[in-house]
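Work through the exercises below with the structure at hand. Each task is followed by a stepwise solution.

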Amino acid sequence: MSPYLGFLLLALACTPLAAQTSAADPQQQWPLLQERLAIVDAAAGEGDAAALERLQARQAMLALPEVRSRDRAFATSIAELRVSTAESALKVAQLRQQLLELDRERDAILLEASRRDAEMARKEAERLRLQALAREEEEALLNADAALVAEESASAGAALAAKDGELARLEEELAALANARGDDLVSLGGSGKGRYRLVGTAFLAGKATLQPEARQSLSQLGKRLKASGKAWSVEGFSDNLGSEDGNLTLSRQRAEAVMAVLRAAGIPAAKLSAKGWGSAKPVASNAGKSGRAQNRRVEIIQK
């Protein structure tokens with residue numbers, strides 16, 4: 001399109017405005033146009049919004065005083081068109097800036113929403129992890145409690161069995177005491193060394209307390225052993241009823257009770273020692289009462 005044709009079209013578009021203002025002095029419109037352009041410049045500030053359109057409007061306004069009187073109406077219409085164009089261009093620029101800010105705000109909202117979704121997902125994952133951990137700990141506690149109950153039940157069962165064994169032995173010793181005949185202290189020969197045996201009936205049932213008759217017999221034996229000048233080992237034994245810890249304790253206590261009588265009879269402490277063997281070293285089978293009665297004993301053995 002040639003510049004002349006464009007100018008002609010612009011002139012035709014502005015013809016109604018020129019017709020409206022031709023009746024009045026065009027110079028009366030200049031302050032209003034100048035004020036409108038100043039408002040546009042103030043709104044644009046130092047930015048470059050509608051810079052070209054504002055420049056064209058400013059040039060058109062500067063050219064008005066130089067226009068001949070007969071052309072002022074047309075020039076004023078052109079200036080008014082330039083100012084309107086600058087106003088429209090500024091509005092478009094402002095709308096574009098608003099649109100850009102809205103896009104940025106939308107992007108920020110989407111980013112924040114994404115961040116919040118990620119945070120919520122992280123918190124949910126952490127909650128599930130803690131829930132699973134709590135469940136595992138609860139199961140571990142339940143298993144530990146079950147194991148503890150089973151262990152305590154087993155211990156209680158073992159303790160009950162040991163107690164039953166001790167009661168059975170006590171009953172057997174009581175029966176043996178009731179039926180006891182003859183000496184509780186016998187001499188064992190054939191080993192080349194002195195060896196004496198004190199049977200279980202020499203003690204109170206289930207205890208390390210000597211019967212009076214047995215204490216008297218041991219006192220007499222102690223006097224003879226003192227005269228020999230030899231050293232002696234006092235060793236206690238039990239049957240296999242009850243717990244082995246209880247058997248060891250009882251056999252040791254009975255050996256110590258015998259050793260105390262021998263020391264009282266005058267045998268030096270340096271020549272005496274005491275030891276408990278528990279159910280070890282039986283001299284008969286523990287399957288029957290008779291065998292168990294023989295295994296409940298204290299032996300005094302020459303070293």
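**Exercise 1.** Find which residues Leu198 is in contact with, leaving aside neighbours within four places in sequence.

Solution. In this predicted model, list the partners in sequence order. Before Leu198 come Asp184 and Leu185. After Leu198 come Phe203, Leu210, Ala214, Leu218, Val258, Arg297 and Val298.

**Exercise 2.** Place Leu198 in the largest nonpolar core and state which elements build that core.

Solution. Step one: the core has 22 residues, and Leu198, Leu210, Val258 and Ile300 have the most contacts inside it. Step two: two or more residues each come from β2 (195–199), α5 (212–228), β3 (232–237), α6 (244–264) and β5 (297–302). Step three: α6 gives the largest share, 6 residues. Step four: a second, separate core holds 17 residues, including Leu33, Met61, Leu64 and Ala75.

**Exercise 3.** Determine whether Ala50 is buried or exposed, and do likewise for Lys281.

Solution. Start with the backbone. Most residues other than glycine have a negative phi. Ala50 has a positive phi, near 50 degrees, and Lys281 has one of about 55 degrees. Next, locate them: Ala50 lies in the loop between α2 (30–44) and α3 (51–63), Lys281 in the loop between β4 (272–276) and α7 (289–295). Finally, apply the cut-off: Ala50 has a relative accessible area of 9%, so it is buried. Lys281, at 45%, is partly exposed.

**Exercise 4.** Identify where pLDDT stays under 50.

Solution. For the protein chain, the mean pLDDT is 85, and 83% of residues reach 70 or more. The stretch under 50 is residues 1–23, for which the model has 13 contacts beyond four places in sequence. Where pLDDT is low, the predicted coordinates should not be read in detail.

Definitions and conventions
Residues are numbered from 1 along each chain as its sequence is written. This is a predicted model: local features need pLDDT of at least 70, side-chain atom pairs count only at pLDDT 80 or more; totals for chains, interfaces and linings use all residues. Side-chain values use heavy atoms; hydrogens and water are left out. A nonpolar core is a set of buried Ala, Val, Leu, Ile, Met, Phe, Trp, Tyr and Cys residues joined through side-chain atoms within 4.5 Å. Buried means under 20% relative accessible area, exposed over 50%, partly exposed in between (1.4 Å probe, protein chains only). Helices (H or I, at least four residues) and strands (E, at least two) are DSSP runs, numbered from the N terminus. Contact means heavy atoms within 4.5 Å. pLDDT is the predictor's confidence in each residue, from 0 to 100.
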